[in-house]
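These are my notebook entries on a structure that I went through element by element. I kept each entry to what I looked up and what I found.

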Amino acid sequence: MSIRLGYGTNGLTDLRLDDALGLLADLGYDGVGLTLDHMHLDPLAPDLAARTRRVAGRLAELGLGVTVETGARYVLDARRKHGPTLLDPDPDGRRARTALLVTAVQVAADLGAHAAHCFTGVVPEGTATGIAWDRLEESLTPVVAAADAAGIPLALEPEPGHLVADLAGFHRLRHRLGDPGPLGLTLDIGHCQCLESDPPADCVRAAAPWLRHVQIEDMRRGVHEHLPFGDGEIDFPPVLDALDATGYQGLTVVELPRHSHAGPELARTSIEFLRAVLKNGVPA
């Protein structure tokens, strides 16, 4: 199989970025899902371009590919998790999120990343769904334009509880925006298990034309909790077979953002699990 494995830095927040990247290279990962956040590559701190060049050099030295992720919890607002979003009632808040995503696209271009990831956010209380969709279209349009100019795919992730929560929501957004070339999909395998009507392997096949980034972890039906492999309900051999058959060339990134306390050990056990599935068709 040609699947390229990565691990998300949002699951290694207790490590310095250099140490996290070195760990992943030593474990044999092909790349990293790099979340822009204050503890690693801070998108709001001074000298971003210079710091990005240094990270690019480190990635090249280690032979790691990269996808830029934007799921940091408090990067824009120290008191509101994931706030403000593209749907925020405050226009300045929406503009701040748009600006962050445009910055992420530029960082992705400077790193030679496979894609820049984003999500829509939860519909604010008291906001009509139609208004939320209008805000999303307005807020995301400059990001799509920036991605087009930079030649970087924008990989939008359907997230349980968000305005775009599933594959159907992604297609609604895609059509609403006129099916722009830069807009693709981040497919989270756990989310497929959590809420899609089809099995995860079928979701992979259905999503294949739009796949720009893949996240992977275990999960249970109806429960949005990212779990280490073996702790959930996903049957991984068919999922990885389906992913390999798509010809997807980007990274498949382990996504365990609430397990940073055990990050180095989980990075090791995760790649062992996935390698065993890829080699033998069964977990380790």
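Before the first entry I fix one term: I call a residue buried when its relative accessible area is under 20%. I also note that the model is predicted.

**Entry 1: the cysteines**

I looked up Cys-203 first and found a relative accessibility of 2%, so I enter this residue as buried. Cys-192 likewise has a relative accessible area of 2% and is buried. Are the two sulfurs bonded or too far apart for a bond? The cysteine sulfur closest to that of Cys-192 belongs to Cys-203, at 3.9 Å, which is too far for a bond, because a disulfide requires the sulfur atoms to lie within 2.5 Å. I repeated the lookup from Cys-203 and was led back to Cys-192, again at 3.9 Å. My search of the whole structure returned zero disulfides.

**Entry 2: Leu-187 and the nonpolar core**

I next listed the contacts of Leu-187, leaving aside neighbours within four places in sequence. Both Cys-192 and Cys-203 appear in that list, and its other members include Leu-167, Val-204, Ala-207 and Leu-211. Leu-187 is also one of the residues that touch the most other members of the largest nonpolar core, which has 78 residues. The others are Tyr-7, Tyr-29, Leu-136, Leu-140 and Leu-154. Which element gives this core its largest share? I found that helix H4 (residues 129-150) does, with eight residues.

**Entry 3: strand S1**

I turned to strand S1, residues 4-8, and found four of its five residues buried, so the strand is largely enclosed by the rest of the structure. I then traced its partners. S1 runs parallel to strand S10 (residues 251-254), and four bridges join the two; Leu-5 has Thr-252 as its bridge partner there. S1 is also parallel to strand S2 (residues 31-35), to which three bridges join it. In that pairing I find Gly-8 opposite Gly-33. Following the chain from S1 through helix H1 (residues 17-27) to S2, I recorded a right-handed β-α-β unit.

**Entry 4: aromatic pairs**

How many aromatic pairs are there? My count is four. One of them joins Tyr-7 and Tyr-29 edge-to-face, with the centres 5.8 Å apart and 70° between the planes. Tyr-7 belongs to strand S1 and Tyr-29 to the loop between H1 and S2, so this pair ties together parts 22 residues apart in sequence. I looked up the accessibility of each: Tyr-7 is buried at 0%, and Tyr-29 is buried at 4%. I noted a further edge-to-face pair, Phe-236 with Phe-273, at 5.5 Å centre to centre and 85° between the planes. Phe-236 sits in helix H8 and Phe-273 in helix H9, 37 residues apart. Phe-236 is buried at 2% relative accessibility, as is Phe-273 at 11%. Together with Phe-229, these two make up one aromatic cluster.

**Entry 5: helix H8**

Finally I examined helix H8, residues 236-246. Which of its residues are buried? I listed Phe-236, Pro-237, Val-239, Leu-240, Ala-242 and Leu-243. Their cover includes helices H6, H7 and H9 as well as strands S7, S8 and S10. After the helix comes Gly-247, for which I noted a positive phi near 80°.

Technical notes. Residues numbered from 1 in each chain as written. Predicted model: local features only at pLDDT ≥ 70, side-chain atom pairs only at ≥ 80, totals over all residues. Heavy atoms only, no water. Buried < 20%, exposed > 50% of the residue type's maximum accessible area, 1.4 Å probe, protein only. Pairing = 2+ DSSP bridges. Right-handed = clockwise from strand over helix to strand, strands pointing away. Core = buried A, V, L, I, M, F, W, Y, C linked by side-chain atoms within 4.5 Å. Contact = heavy atoms within 4.5 Å. Phe/Tyr/Trp six-rings, centres within 6.5 Å; stacked < 30°, edge-to-face > 60°.
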